[in-house]
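Biologist: I would like to learn how to read a model like this one. Can we take the features one at a time?
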Amino acid sequence: MAMIRFPFQRIGGIWQPIVPIGIKLDSSWQRVDVYVDSGATYTILKARIAQRSGFDYRRANLVNLQVGDGSLIRVYIHNLEVQLGTERFICPVGFSDDLGVPFNVLGKM
């Protein structure tokens, strides 16, 4: 994979590592802004992203993932096509109603 660089985005006066990615849900692509979290194993998106496009995110494996504060959240994991810059690849993407941060998370997988 080629090196891809993105500028940080200024949110609330603070520069944040937020990047746009594309997620293929069924036959349509959705643009999603995600926080680059080098400590996160999985990419986790808020469930409403899937709901808005009519994607049935609950038809997947339900797992309980531990988050930064030690608690567990319910996540439905799908293997989806993702686009980052010009690169496209398949990777596990989770959807959760329980994500307790105000942003989506881009993980290492």
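Modeller: Start with a charged pair. The model is predicted. In it, the side chains of Asp26 and Arg59 form a salt bridge, with 3.0 Å from N to O.

Biologist: Which parts of the chain does the pair Asp26 and Arg59 tie together?

Modeller: Look up each partner's place in the chain. Asp26 sits in the loop between E3 and strand E4 (28–36), and Arg59 in the loop between helix H1 (47–53) and strand E6 (61–66), so the bridge ties together parts that are 33 residues apart in sequence.

Biologist: Are Asp26 and Arg59 buried or exposed?

Modeller: Read the relative accessible area. Buried means under 20%, exposed means over 50%, and partly exposed lies in between. Asp26 has 48% relative accessibility, so Asp26 counts as partly exposed. Arg59 has a relative accessible area of 49%, so Arg59 is partly exposed.

Biologist: How many salt bridges does a search of the whole structure find?

Modeller: The search finds four. One of them joins the side chains of Asp33 and Arg31, again with 3.0 Å from N to O. Asp33 is partly exposed at 33% relative accessible area. Arg31 is exposed, at 61%.

Biologist: What about Arg74 and Asp98?

Modeller: Arg74 forms a salt bridge with Asp98, and their closest N and O atoms are 3.0 Å apart. Arg74 belongs to strand E7, while Asp98 is in the loop between E8 and strand E9 (104–106), so this pair ties together parts that are 24 residues apart in sequence. Arg74 is partly exposed, with a relative accessible area of 40%. Asp98 is partly exposed too, at 29%.

Biologist: Now a residue away from the charges. Is Ile77 buried or exposed?

Modeller: Use the cut-off again: buried means under 20%. Ile77 has a relative accessible area of 17%, so Ile77 is buried. Ile77 lies in strand E7.

Biologist: Which residues does Ile77 touch, leaving out those up to four places away in sequence?

Modeller: List the contacts, then check where they fall in the sequence. Ile77 touches Tyr42, Ala60, Asn61, Val63, Pro92, Val93 and Gly94, with residues up to four places away not counted.

Biologist: How far apart in space are Ile77 and Tyr57, C-alpha to C-alpha?

Modeller: Set the two kinds of distance side by side. Ile77 and Tyr57 are 20 residues apart in sequence and 8.2 Å apart in space, C-alpha to C-alpha.

Biologist: Next, pockets. What is the volume of the largest pocket?

Modeller: Take the volume, then the lining, then the residue classes. The largest pocket has a volume of about 410 Å³. It is lined by 20 residues, and those closest to its centre are Gln66, Val67, Gly68, Leu99 and Val105. By class, the lining of the largest pocket has 11 nonpolar, six polar and three charged residues.

Biologist: And what is the volume of the second largest pocket?

Modeller: The second largest pocket has a volume of about 330 Å³. Its lining has 24 residues, and Val19, Val36, Leu84, Leu106 and Gly107 are the closest to its centre. The classes in the lining of the second largest pocket are 18 nonpolar, four polar and two charged.

Biologist: Which strands each supply at least two residues of that lining?

Modeller: Trace the lining residues back to their elements. For the second largest pocket, strand E3 (18–25), strand E7 (72–84) and strand E8 (87–96) each supply at least two. E3 gives the largest share of that lining, three residues.

Notes: Residues numbered from 1 in each chain as written. Predicted model: local features only at pLDDT ≥ 70, side-chain atom pairs only at ≥ 80, totals over all residues. Heavy atoms only, no water. 1 Å grid on protein atoms, 1.4 Å probe; cavity = no way out; pocket = protein on both sides within 12 Å on 5 of 7 lines; lining within 4 Å. Points joined across faces, edges and corners; volume = space filled by probe spheres on them. Nonpolar A, V, L, I, M, F, W, Y, C, P; charged D, E, K, R; others polar. Helix = DSSP H or I, 4+ residues; strand = E, 2+ residues; numbered from the N terminus. Buried < 20%, exposed > 50% of the residue type's maximum accessible area, 1.4 Å probe, protein only. Contact = heavy atoms within 4.5 Å.
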